[in-house]
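Please open the model in a viewer and keep the selection panel at hand. The stops below proceed by selection, each followed by what is to be found there.

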Amino acid sequence: MSVTDLLQAGTDISVIALWLGHESPVTTHHYVEADLTMKDRALARLHEPDVRIQRYRAPDALIDFLMTL
């Protein structure tokens with residue numbers, strides 16, 4: 001069983017790091033590559049924000065200044 005298999009099964013990376021004898025989970029990340037299943041699962045956890053994105057509108061004074069350049 002690979003590290004990726006363990007991650008896909010839901011095993012926490014800190015537990016995997018301990019099993020491998022790594023001092024830190026950061027070391028374990030060198031051996032891990034996310035596959036499409038893991039990426040799909042991560043994207044499924046995302047939720048669209050409840051905010052309305054507004055486009056920036058520069059003040060007229062700034063536009064006037066930029067036009068003089």
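Throughout this tour, contact means heavy atoms within 4.5 Å. The model is a predicted one.

**Colouring by confidence**

Begin by colouring the protein chain by pLDDT. The mean over the chain is 84, and 96% of its residues reach 70 or more. Confidence is highest in α5, at a mean of 95, and lowest in α3, at 78. Where pLDDT is low, the predicted coordinates should not be read in detail.

**Helix α2 and its buried face**

Next, select residues 13-20, which form helix α2. Which residues of α2 are buried? They are Ile13, Ile16 and Ala17. Looking down the axis of α2, one finds these buried residues within an arc of 100°, so they line one face of the helix. The spacing follows a general rule: an α-helix has 3.6 residues a turn, so residues three or four places apart point the same way.

Now add α1 (3-8) and α3 (25-28) to the selection; the buried residues of α2 pack against both of these helices. Then turn to the face of α2 directed away from its buried side, where the exposed residues Leu18 and Trp19 are carried.

Leu20 also belongs to α2. Its relative accessible area is 44%, and Leu20 is therefore partly exposed, since that class lies between the 20% limit for buried and the 50% limit for exposed. Beyond residues up to four places away in sequence, Leu20 touches Val3 and Thr28. A distance drawn between the C-alpha atoms of Leu20 and Val3 reads 9.5 Å, for a separation of 17 residues in sequence.

**The loops on either side of α2**

Select Thr11, in the loop between α1 and α2. Is Thr11 buried or exposed? Its relative accessible area is 19%, and under 20% counts as buried, so Thr11 is buried. With neighbours within four places in sequence left aside, the contacts of Thr11 are Leu6, Ile16 and Trp19. Ile16 is one of the buried residues of α2, whereas Trp19 is exposed on the face turned away from the buried side.

Move to the other end of the helix. Just after α2, Gly21 takes a positive phi of about 80°. His22 follows in the loop between α2 and α3, and His22 is buried, at a relative accessible area of 17%. What does His22 touch, residues up to four places away in sequence not being counted? The list consists of Ala17, Thr27, Thr28 and Tyr31. Thr28 thus appears here as a partner of His22 and also as a partner of Leu20.

**Helix α4 and the loop beyond**

Select α4 (36-44) and pick out Leu43, a residue of that helix. At 56% relative accessibility, Leu43 counts as exposed. From Leu43 back to Ile16, the C-alpha distance is 23 Å, with the two positions 27 residues apart in sequence numbering.

Continue to Val51, in the loop between α4 and α5. Val51 is exposed, with a relative accessibility of 61%. The C-alpha atoms of Val51 and Leu66 are separated by 31 Å, although the two residues are 15 apart along the chain.

**Helix α5 and a nonpolar patch**

Finally, select residues 60-67, which make up helix α5. Asp60 is found in this helix; at a relative accessible area of 52%, Asp60 is exposed. A C-alpha distance from Asp60 to Thr28 spans 53 Å, for 32 residues along the chain.

Leu62 is also in α5. Leu62 is partly exposed, with a relative accessible area of 33%. To close the tour, display a surface on Tyr56, Leu62, Ile63, Phe65, Leu66, Met67 and Leu69: together they make a nonpolar surface patch of about 810 Å². Membership in such a patch requires over 30% relative accessible area, so the 33% of Leu62 meets that cut-off. Leu66, the distant partner in the Val51 distance of 31 Å, is likewise a member of this patch.

Terms used: Residues are numbered from 1 along each chain as its sequence is written. This is a predicted model: local features need pLDDT of at least 70, side-chain atom pairs count only at pLDDT 80 or more; totals for chains, interfaces and linings use all residues. Side-chain values use heavy atoms; hydrogens and water are left out. Patches are made of residues with over 30% relative accessible area and no salt bridge: like charges are joined within 9 Å, nonpolar side chains (Val, Leu, Ile, Met, Phe, Trp, Tyr) within 5 Å. Accessible areas come from the Shrake-Rupley method with a 1.4 Å probe; for residues, only the protein chains shown count as cover. A salt bridge is a side-chain nitrogen of Lys or Arg within 4 Å of a carboxyl oxygen of Asp or Glu. Helices (H or I, at least four residues) and strands (E, at least two) are DSSP runs, numbered from the N terminus. Buried means under 20% relative accessible area, exposed over 50%, partly exposed in between (1.4 Å probe, protein chains only). The arc is that of the directions from the helix axis to the C-beta atoms. pLDDT is the predictor's confidence in each residue, from 0 to 100.
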